[in-house]
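Work through these exercises with the sequence and the structure open side by side. Try each task before you read its solution.

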Amino acid sequence: MANNFWTQSSTSPKRSYRFMLSVGGIGTDNTWLVTQVKKPAAAVGEVSHKYLNHTFYYPGRVEWDTVNVTLVDPVSPNASGLLAKILEGSGYHLPQNGNLTTSITKEKAVNALGNVVISQFGNDMSDKVEEWTLKGAMIQSANFGALSFDASDPVDITLTLRYDYAILQF
């Protein structure tokens, strides 16, 4: 019998449930709030060049897709409240008076969210096999969930994070 990936005792596939998302703005003690995260994805654009009856394609700019994050919203700590504070720290203020002279800026949004790091682990949580760091990350959208009398599920919050690029360490 051939010795391959599935029969080697020292090798195993990466598991989707062995991860941790660290977001500075929600605090390191609250990493358990995150129940799902989409890993970064990049797309290489293309540039075409037409010459006589032919078209030639060349690689263009790299664009990074947004990252979707799902959090559970417990009573304590209140994840909705933590995210509201991040939005406020980004420069957003409710229009309660006419003296608003500030708005959201990239610097404030990035600083309010803090460092965003996705860590993926091997066979146990001390065996880090992959780490993605999102650079220039900010909240693009926040969906604070839905309520229903006929469901007993926890309330989920869905975030979409926009970032400039991601660094992978493995």
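**Exercise 1. A hairpin**

The model is predicted. Start in strand 4: which residue there is the bridge partner of Ser 48? Then describe the pairing of strand 3 with strand 4 and the turn between them.

*Solution.*
- Step 1. Ser 48 has Tyr 57 of strand 4 as its bridge partner.
- Step 2. Widen the view to strand 3 (residues 42-51) and strand 4. They run antiparallel, and nine bridges join them.
- Step 3. Look at the turn. Two residues separate the strands of this hairpin.
- Step 4. Check the backbone there. Leu 52 sits in the loop between strand 3 and strand 4. Its phi is positive, about 55°, although Leu 52 is not a glycine.
- Step 5. Is Leu 52 buried or exposed? Its relative accessible area is 72%. The cut-off for exposed is over 50%, so Leu 52 is exposed.

**Exercise 2. An aromatic pair**

Find the aromatic pair and classify its geometry.

*Solution.*
- Step 1. The count comes to one aromatic pair.
- Step 2. The partners are Trp 64 and Tyr 163, with ring centres 6.1 Å apart and planes at 55°.
- Step 3. Apply the cut-offs. Planes under 30 degrees apart are stacked and those over 60 are edge-to-face, with the rest tilted. At 55°, the pair is therefore tilted.
- Step 4. Place the partners. Trp 64 belongs to strand 4 (residues 54-64), while Tyr 163 is in the loop between strand 9 (156-162) and strand 10 (165-169). The pair therefore ties together parts that are 99 residues apart in sequence.
- Step 5. Check burial. Both Trp 64 and Tyr 163 are buried.

**Exercise 3. The open sheet**

What is the strand order of the four-stranded open sheet, and which strands stand at its edges?

*Solution.*
- Step 1. The order is 2-5-9-8, and the pairing is antiparallel.
- Step 2. Strand 2 (34-37) and strand 8 are the edge strands. Each has a single partner strand, so one side of each lacks a neighbour in the sheet.
- Step 3. Neighbouring strands of this sheet are turned against each other by 25° on average, direction ignored.
- Step 4. Zoom in on strand 8 and strand 9. Five bridges join these antiparallel strands. One residue to trace is Met 138, whose bridge partner in strand 9 is Arg 162.

**Exercise 4. Helix 1 and its buried side**

Which residues of helix 1 are buried, and what covers them?

*Solution.*
- Step 1. Begin ahead of the helix, in the loop between strand 5 and helix 1, where Pro 77 lies. The peptide bond from Ser 76 to Pro 77 is cis, with omega near 0°.
- Step 2. Move to the helix start. A side-chain oxygen of Asn 78 comes within 3.0 Å of the backbone nitrogen of Ser 80.
- Step 3. List the buried residues of helix 1 (residues 79-89): Ala 79, Leu 82, Leu 83 and Ile 86.
- Step 4. They span an arc of only 95° around the axis, which puts them on the same side of helix 1. The spacing rule helps here. An α-helix has 3.6 residues a turn, so residues three or four places apart point the same way.
- Step 5. Find the cover. It includes strand 5 (67-72), helix 2 (106-113), strand 8 (138-143) and strand 9.
- Step 6. Orient the helix. Helix 1 lies across strand 5, strand 8 and strand 9, at about 25° to strand 9.
- Step 7. Finish past the helix end. Gly 91 follows, with a positive phi near 115°.

**Exercise 5. A polar link**

Which side chains make polar contacts with the side chain of Lys 39, and how accessible are Lys 39 and Gln 120?

*Solution.*
- Step 1. Locate the residues. Lys 39 is in the loop between strand 2 and strand 3. Gln 120 is in strand 6 (residues 116-121).
- Step 2. Trace the polar contacts of the Lys 39 side chain. One goes to the side chain of Gln 120 at 3.0 Å. Another goes to the side chain of Glu 130 at 2.8 Å.
- Step 3. Compare accessibility. Gln 120 has 10% relative accessibility and counts as buried. Lys 39 has 35% and counts as partly exposed.
- Step 4. Add the wider contacts. Beyond four places in sequence, Lys 39 touches Val 67, Ile 118, Gln 120, Glu 130 and Trp 132. On the same basis, the contacts of Gln 120 include Arg 18, Phe 19 and Val 129.

How values were computed. Residues are numbered from 1 along each chain as its sequence is written. This is a predicted model: local features need pLDDT of at least 70, side-chain atom pairs count only at pLDDT 80 or more; totals for chains, interfaces and linings use all residues. Side-chain values use heavy atoms; hydrogens and water are left out. Rings of Phe, Tyr and Trp (its six-membered ring) pair if their centres lie within 6.5 Å; planes under 30 degrees apart count as stacked, over 60 as edge-to-face and the rest as tilted. Buried means under 20% relative accessible area, exposed over 50%, partly exposed in between (1.4 Å probe, protein chains only). The arc is that of the directions from the helix axis to the C-beta atoms. Contact means heavy atoms within 4.5 Å. A polar contact is a pair of N or O atoms within 3.5 Å; within protein, one must be able to donate a hydrogen and the other to accept it, and residues adjacent in sequence count only if both atoms are side-chain atoms. Two strands pair if DSSP finds at least two bridges between them. Axes are lines fitted to C-alpha atoms, for helices over the stretch in contact, and angles run from 0 to 180 degrees between N-to-C directions.
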